[in-house]
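Please look at the structure below with the notes that follow beside you. They are set out as separate points, so that each can be checked against the picture in turn.

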Amino acid sequence: MSSKPVYVLNGPNLNMLGQREREVYGSTTLVDVEKHCRDHAAERGMAIEFRQTNSEGELISWIHEARDKACGIAINAGAYTHTSVALHDALKAAELPAVEVHLSNIHKREEFRHKSLIAPAVNGVICGFGVHSYLLAITALSSLVTSNKKV
Ligand code: CA2
């Protein structure tokens, strides 16, 4: 397994997890999600770098940084998923195994959430399993990293 961590990147409003809209996103906080991800990755011999930002530019800078410092990316880009060509381009340029993650099933929700602009720039998309979506993404990344499969 790689000596580099998996970057687990979180976009806008995910810092509110567990505090508002519990009926949609559940009661687990982002601190809890980080702990579950860290434990799950450790069981697979991997380390994680877990971050959240409300800024699109910062997410893009972290993806650029990941190109050299990470072995793969799991990204919940929040609402930027549906709007950001810049995130799509950054993920393409990173040339790393990458998985798009969502807590909710975006296809069961409002129509504007059905389209992901970043999906064509990642290996796969996992949505609808709550916190477990993140863990499934880490499991997928552990095999993608082992077989060195990029987007
Ligand atoms: O289901 C997901 O993980 C989403 O990426 C969450 C985004 C949403 O815009 C995407 O369509 C799907 C929203 C994240 C905001 O999370 C909140 C959590 C608690 C309270 C308010 C917002």
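1. To begin with one contact, a polar backbone atom of Ala79 lies 3.4 Å from an oxygen atom of the ligand; please keep in mind, while you look for this pair, that the model is a predicted one.

2. Two further contacts deserve a look, since each again involves an oxygen atom of the ligand: for Leu103 the partner is a backbone N or O atom, at 2.8 Å, whereas for Ser104 the partner is an N or O atom in the side chain, at 2.5 Å. On its own the ligand has 500 Å² of accessible area, and the protein covers 94% of this.

3. Which residues come nearest to the ligand? There are 17 residues around it, and the nearest are Asn76, His82, His102, Leu103 and Ser104. Sorted by class, this shell is made up of eight nonpolar, six polar and three charged residues.

4. The space that the ligand takes is the largest pocket, whose volume is about 390 Å³. This pocket is lined by 18 residues, of which Pro12, Asn13, Leu14, Tyr25 and Arg113 are the closest to its centre. When the residues of the lining are divided by class, eight are nonpolar, six are polar and four are charged.

Technical notes. Residues numbered from 1 in each chain as written. Predicted model: local features only at pLDDT ≥ 70, side-chain atom pairs only at ≥ 80, totals over all residues. Heavy atoms only, no water. 1 Å grid on protein atoms, 1.4 Å probe; cavity = no way out; pocket = protein on both sides within 12 Å on 5 of 7 lines; lining within 4 Å. Points joined across faces, edges and corners; volume = space filled by probe spheres on them. Nonpolar A, V, L, I, M, F, W, Y, C, P; charged D, E, K, R; others polar. Near = heavy atom within 4 Å. Polar contact = N/O pair within 3.5 Å; in protein donor to acceptor, adjacent residues only side chain to side chain. Areas by Shrake-Rupley, 256 points an atom, 1.4 Å probe, with all protein chains shown as cover. Sits in = over half its atoms within 2 Å of the grid points.
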